Amino acid sequence: MNTDPIPTEHRFWRHSPPQAAETLACGLNGLAEAEAAERLERYGPNSDAPSHVVSPLRAILRRLLEPLSLILLVAGVISMVTGDVIGGAIIVLILTLSIGLDTVQEGHAVKAAEELRRSVALKAEVKRDGTYREIDVETVVPGDILRVRAGDIVPADALIIECTAFTAGEAALTGEPYPVTKQANMPAEADDSSNAVFRGSVAQTGEAVALVVNTGPRTMFGAAASALTEAQGRTPFERDLHEFGLVIARLTLALVVVVLTVRVVFGRPVMDSLLFSVALAVGLTPELLPMITTVTLSRGALRMAKRKVIVKRLAAIHDLGAMSVLCTDKTGTLTSAEITLARSIAPDGNDNPRAAELGAIAAALGGDRGSLDTALIAGADHASDGWILGGQQTFDFSRRLGSVLAIRGQDQILIVKGAPETVIALCTRQRCGTAIEPIDEDGRAAMRERVRVLAQDGLRTVAIASRPWSGAPREIESSDEQELILEGLCAFADPPKPTAASAIAQLARAGITLKILSGDDPVVVKRLAGLVGLKADRVLSGSDIAELSDDALAVQVRSTDAFGRLAPDQKSRIVKALQASGEVVGFLGDGINDAPALKAADIGLSVEGATGVAQSAADIILLAADLEVVANGVEEGRRTFANILKYVRMGASSNFGNMLSMAIASMALPFLPMLPTQILLNNLLYDLSELGIPFDRVSPQATARPQRWDMKQLLRFAAIMGPLSSLFDFLTFGALLYLFHATPEEFRTAWFLESMATQILVIFIIRTNLRPWSNRADPMLTASSLTALVVAVVVPFTPAGAWFGFVTPPFAVLATIAGLVVAYLVCAEALKSLAVRPRPRSLQRGPRPHLGSP
Ligand SMILES: Nc1ncnc2c1ncn2[C@@H]1O[C@H](COP(=O)(O)OP(=O)(O)OP(=O)(O)O)[C@@H](O)[C@H]1O
Ligand SMILES: [Mg+2]
């Protein structure tokens, strides 16, 4: 079957759309849904990598093939064959139960989180069954008729059928830094692909309708189309967790090897010792860690979704909780996204519609979809009727300028629109009523002053200039944008959202500093900052920043909360400077100009409905463009992290302490301190007890400040709580051996009970830095813990206990154990504050709330 209708090496742009449609056996009117489904089957999904979904069977196999499981399985089977049927069966049963538990839990959570991620996956607009509809990018197929608009990421390689003012940024693909103007006719040059769009490029302006020719790996740039492939690199948090896992794994290995060697050297039975060592290793490995993290993060993602925060990358939840600075652009988050045209002002200062009309023509023909252009078009209805585009220089956020050549009948006029200071500097004349007069430096200064006064009143402006055009229409170059006639100013109202100030205060209380990174006029930014309660005696502008070295900038960014007139790369430079000074930086933005900063930030936040580039660069998508939503998300992020930390702390201290005592006892005692099956049961019940952790409550204190992984703090915790647990184990051993002269069976049973009770109950102490009774556990956690405990305590006294080698210890032994457990818990509670003592303030990275008004 032919799966590659137009091989890329054949330069698909040398085919006209009708030719290509013939090869692809489709028309130019779009596919029927049924046909598209059939094509999707045939060509495969429009993605670079095959999907990651793992079948349950695979997941089980993967776990079974891990070395420890494998050894256990083999050992279990050998035991069964060599006569110990019950012992062997128990090993196999417990192994099956743990793996089943793990797989089911993880499968559920991952699926739910994956569904959420898909709900905000990039969409493509294609014509199916005769109408345009939004579909998942992955389901675009060759033969689809595609529509792309400014800000979209082009989802597939396609031939342009028709387009207006369409330019595409191909920098990520070809390195070409400037947007390429596209058109529908086949160029004469074979290498010229201006009639084609490529997967992964970004539509900068305008709109195009195109025939999809190739998808997925068959596209020109394939996997290089990185904008569409989500970043899969490991985040610091994932690395830390992995590192923690490795530390434990190494310790485990060392311990097990020592135990095994010592026992064999002293002539203990080899098979017994091997099985014991393996069981010990199982007990030591935090095998639930990956599952607990995923489940906790996924549950966090689900809860965040209810609060309108969709997480695209699970680990971003932790990063959000760790965020100490949030940078945001202005429009759409601090102010409403719907800007309105307030005034149209002639150079003489009087209101006059001409500037707004020309602005509306330029906006309509220029094909930008930004909020200013939208406001211009809405502000001067029908102004653009009859005008067509003769050529253009697309708006560029670095130049803050764009031009269109507008043509209507005999009239030809170049309209230049952009930031006032840029446009005014290019003007040598100005319109005064019907006359055109020269403008000198004083006149220009007067205009700039007018802009400043408007800005102080909260109005942002763009300036409009023009030049009569004679000669044939063509693309506009910078050299055309000179000797212009100033036509006037368009002023826009962009008031702060009513909720902005309270949301910023909420963030400040949570230890997060907000900084405004705007491309807008510093005066406008300063006024807004004041209105929403930010300290903004000083606003740094793009030109100020350009003069600073990276080191100087890193100092400045700490004390400055508002920035104006930033070019897109300056936004990302500030983000990096903040990171260099030790902050965990979030960036919230929605425009093409925000994409570089979104990528640079530790956590990229964007908004549903933002431009495709911004959405694809973000880790988190907000369903409502509101800072309040971010603040709620942060709280959830910290809760989630706090719960993961509980499990890690448990593993690093109580569990580890117990297994350590076990290893030591096994070398010192003439008999096994616990049978392998008992250790496995112990481990299974312990795992069960922790199943409630992802659901647990978190005290407000634990979410009050940015939370980040702190290996030192964790080691400190382990170094205090681990030995404490071992100490009580040794007290138990002492009592059993010297006080009660216990038989090996009694010893094992009693110690099984002690170790289970201490290990399980200590969660109620470790889970909070407060007193256990002032911060109660969630019923789910209480239930999982107590159930596990009850099972552990009851099993030795049932007939099943005998299969595991348990006996019923005398009452005095039980009472002593109960006493030791209580004493252990009291000591753990007393030592806890030492173990979790916060770092000295000077070492903490600086969340410094900057609130101008209370
Ligand atoms: N479509 C446009 N036409 C003319 N000028 C524009 C246009 N878009 C932006 N500008 C100019 O460029 C400046 C920077 O753009 P803009 O304010 O949108 O940047 P931003 O960083 O996204 O700001 P914000 O924080 O408001 O979102 C504007 O203040 C305006 O002067
Ligand atoms: Mg913006």
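Two residues are said to be in contact here if their C-beta atoms, placed from the backbone, lie within 7 Å. With that in mind, and remembering throughout that this is a predicted model, the tour can begin at a pair of helices.

Select helix α24 (residues 711-739) together with helix α29 (residues 811-835), whose axes lie 10 Å apart and pack at an angle of about 165°. Because that angle is over 145 degrees, α24 counts as roughly antiparallel to α29, and α24 passes α29 in a right-handed crossing. Now show the side chains along the contact: from α24 come residues including Phe 717, Ile 720, Met 721, Leu 724 and Phe 728, while α29 brings, among them, Ile 817, Leu 820, Tyr 824, Cys 827 and Leu 831. Sorted by class, the contact of α24 with α29 holds 15 nonpolar, two polar and one charged residues.

Next, move to the sheet of eight strands, an open one with mixed pairing, which can be followed in the order β8-β23-β22-β21-β9-β18-β20-β19. At its edges are β8 (309-311) and β19 (539-541), each of which pairs on one side only. Going from strand to neighbouring strand, you will find a turn of 20° on average, direction ignored. For a closer look within the sheet, pick strand β21 (residues 585-588) and strand β22 (residues 603-607), which pair in the parallel sense over three bridges; here Gly 586 stands opposite Ile 603 in β22.

Add helix α16 to the view, since the next stop concerns how α16 packs on the sheet, where it touches β18 (513-517), β19 and β20 (562-564) and its direction makes about 155° with that of β20.

Keep α16 (residues 522-531) selected and bring in helix α14 (residues 441-456): the axes of the two come within 8 Å and cross at roughly 15°, and α14 and α16 are therefore roughly parallel to each other. The crossing in which α14 passes α16 is right-handed. In this contact, Arg 452, Ala 455 and Gln 456 of α14 meet Val 523, Val 524 and Arg 527 of α16, a set made up of three nonpolar, one polar and two charged residues.

Finally, select ligand 1 and the residues around it, which number 21, with Lys 330, Thr 331, Ala 419, Ser 518 and Gly 519 coming nearest. Colouring this shell by class should show four nonpolar, eight polar and nine charged residues. To see elements that contribute to the shell, highlight α12 (371-379), β13 (411-418) and β16 (459-468), each of which supplies at least two of its residues.

Terms used
Residues numbered from 1 in each chain as written. Chains lettered and ligands numbered in written order. Predicted model: local features only at pLDDT ≥ 70, side-chain atom pairs only at ≥ 80, totals over all residues. Axes fitted to C-alpha atoms, helices over the stretch in contact; angles between N-to-C directions. Helix = DSSP H or I, 4+ residues; strand = E, 2+ residues; numbered from the N terminus. Parallel < 35°, antiparallel > 145°, perpendicular 65-115°, else oblique. Left-handed = near helix turned anticlockwise from the far one by under 90°. Nonpolar A, V, L, I, M, F, W, Y, C, P; charged D, E, K, R; others polar. Pairing = 2+ DSSP bridges. Near = placed C-beta within 6 Å.
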